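Trainee: Hey, have you got a few minutes to walk me through a structure? I've only just opened it.
Mentor: Sure, let's put it on the screen.

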Amino acid sequence: MASFLMPDRPKRSRRLLTLAIALGLGLASGALGTTSPASARTTAEAPDHSSVAGYVGSAADTGDKAFLDAVLKSVAKRQAYRPSLKVVTVYYNASRAPSFRSQISSAASIWNSSVSNVKLQATSGSADFAYYEGNDPRGSYASTNGHGRGYIFLDYAQNRRYDSTRVTAHETGHVLGLPDHYSGPCSELMSGGGPGPSCTNPYPNSTERARVNQLWVNGLAKAIAQLNKTG
């Protein structure tokens with residue numbers, strides 16, 4: 001799993017994930033610091049090491065490709081009969097992260113004003129990915145359930161230490177296909193926690209914006225082609 005920092009730590013073993021991943025399923029969320037998905041993650045195993053990307057962790061951990069593939073697959077199933085669509089809309093559900101409603105909205109607005117080939121749109125129903133909140137020693141991260149769906153987990157403690165909008169925008173960058181790059185400067189959003197807690201920049205730089213546009217140009221057509229191959 002890739003996270004926001006780069007602490008030295010042993011390789012994680014697979015463990016039970018207590019977060020209800022399937023979008024559309026109800027999951028009780030409490031106020032900040034109370035009930036969290038961490039208390040309900042008993043239904044599925046943790047994703048493979050390669051399918052998780054985050055805000056604190058090792059630069060060798062990359063889950064951006066897995067998350068991008070999962071979101072593309074979800075979008076393709078939803079819009080399979082519109083292969084000529086130029087701007088892809090990716091729907092997210094933030095109802096399970098009420099404490100971060102403002103940060104999630106800001107992150108979506110930042111990305112929507114930064115790129116042109118993909119747009120993020122809030123929904124209260126079925127979505128391409130979802131946000132959750134709670135306590136997790138791994139910090140905040142983005143992950144997939146291995147079935148064409150994904151979620152972003154926002155950790156309370158980490159969002160108190162680091163700028164919360166930057167954390168949220170960084171994790172959302174994984175949804176759009178960007179990898180972690182902890183050695184980058186504060187001006188680089190995907191440098192995550194590398195520059196330290198004093199870094200509050202929530203905006204992607206020109207290189208990151210160009211990369212997302214490149215990944216999503218004709219993205220839906222590519223996703224449908226991939227979906228047809230994999231079934």
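Trainee: Let me start with one residue. Is Ser 206 buried, partly exposed or exposed?
Mentor: Ser 206 is partly exposed, because its relative accessible area is 48% and the partly exposed class runs between 20% and 50%. Bear in mind that this is a predicted model.

Trainee: Okay, and where does Ser 206 sit?
Mentor: Ser 206 is in helix α5, which covers residues 206-216.

Trainee: Which residues of α5 are buried, then?
Mentor: Glu 208, Val 212, Asn 213, Leu 215 and Trp 216 are the buried ones in that helix.

Trainee: Why do those residues line one face of α5?
Mentor: Look down the axis of α5: the buried residues fall within an arc of 165 degrees, so they line one face of the helix. As background, an α-helix has 3.6 residues a turn, so residues three or four places apart point the same way.

Trainee: What's on the face turned away from the buried side of α5?
Mentor: That face carries Thr 207 and Gln 214, which are exposed.

Trainee: What caps the N-terminal end of α5?
Mentor: Asn 205 does, with a side-chain oxygen 3.1 Å from the backbone nitrogen of Thr 207.

Trainee: And what about just after α5?
Mentor: There you'll find Asn 218, which has a positive phi of about 55 degrees.

Trainee: Back to Ser 206 for a sec. How far is it from Val 115?
Mentor: Their C-alpha atoms are 9.9 Å apart, although the two residues are separated by 91 places along the chain.

Trainee: Where is Val 115 found?
Mentor: Val 115 is in the loop between α2 and β5. It counts as buried because its relative accessible area is 4%, and the cut-off for buried is under 20%.

Trainee: What does Val 115 touch, leaving aside its neighbours within four places in sequence?
Mentor: Val 115 is in contact with Arg 209, Val 212 and Asn 213. Val 212 and Asn 213 are among the buried residues of α5. For another distance, take Val 115 and Ala 210: they are 95 residues apart in sequence, and 7.7 Å separates their C-alpha atoms.

Trainee: Can we switch to α2 and α4? At what angle do their axes cross?
Mentor: Roughly 55 degrees, with the axes of α2 (residues 101-114) and α4 (residues 164-175) coming within 8 Å. That angle makes α2 oblique to α4.

Trainee: Is the crossing of α2 and α4 left-handed or right-handed?
Mentor: It's right-handed. On the α2 side the contact is made by Gln 103, Ile 104, Ser 106, Ala 107, Ile 110 and Trp 111. From α4 come Ser 164, Thr 165, Thr 168, Ala 169, Thr 172 and Gly 173.

Trainee: Which side chain shares a polar contact with Ser 164?
Mentor: That of Gln 103, at 3.2 Å. Not counting residues up to four places away in sequence, Ser 164 touches Phe 100, Gln 103 and Asn 159. Ser 164 lies in helix α4, and at 10% relative accessibility it counts as buried.

Trainee: How about Val 167, buried or exposed?
Mentor: Val 167 is buried, at 0% relative accessibility, and it lies in α4 too. Setting aside neighbours within four places in sequence, its contacts are Tyr 55, Ser 140, Leu 154, Gln 158, Asn 159 and Tyr 162. With Leu 154, which is 13 residues away along the chain, the C-alpha separation is 8.1 Å.

Trainee: Let's try a strand. Which one holds Gly 134?
Mentor: Gly 134 is in strand β6, residues 129-134. Gly 134 counts as buried, at 0% relative accessibility. Its C-alpha atom is 8.3 Å from that of Ala 97, with their positions 37 residues apart along the chain.

Trainee: Now the whole chain: how many helices and strands does it have?
Mentor: Six helices and eight strands. Reading from the N terminus, the elements go β-β-β-α-β-α-β-β-β-β-α-α-α-α.

Trainee: What share of the residues is buried?
Mentor: 52% of the 231 residues in the chain. And of the contacts between residues at least 6 apart in sequence, 70% join residues at least 24 apart.

Technical notes
Residues are numbered from 1 along each chain as its sequence is written. This is a predicted model: local features need pLDDT of at least 70, side-chain atom pairs count only at pLDDT 80 or more; totals for chains, interfaces and linings use all residues. Side-chain values use heavy atoms; hydrogens and water are left out. Buried means under 20% relative accessible area, exposed over 50%, partly exposed in between (1.4 Å probe, protein chains only). Helices (H or I, at least four residues) and strands (E, at least two) are DSSP runs, numbered from the N terminus. The arc is that of the directions from the helix axis to the C-beta atoms. A polar contact is a pair of N or O atoms within 3.5 Å; within protein, one must be able to donate a hydrogen and the other to accept it, and residues adjacent in sequence count only if both atoms are side-chain atoms. Axes are lines fitted to C-alpha atoms, for helices over the stretch in contact, and angles run from 0 to 180 degrees between N-to-C directions. Angles under 35 degrees count as roughly parallel, over 145 as roughly antiparallel, 65 to 115 as roughly perpendicular and the rest as oblique. A crossing is left-handed if the near helix is turned anticlockwise from the far one by less than a right angle, and right-handed if clockwise. Contact means heavy atoms within 4.5 Å.
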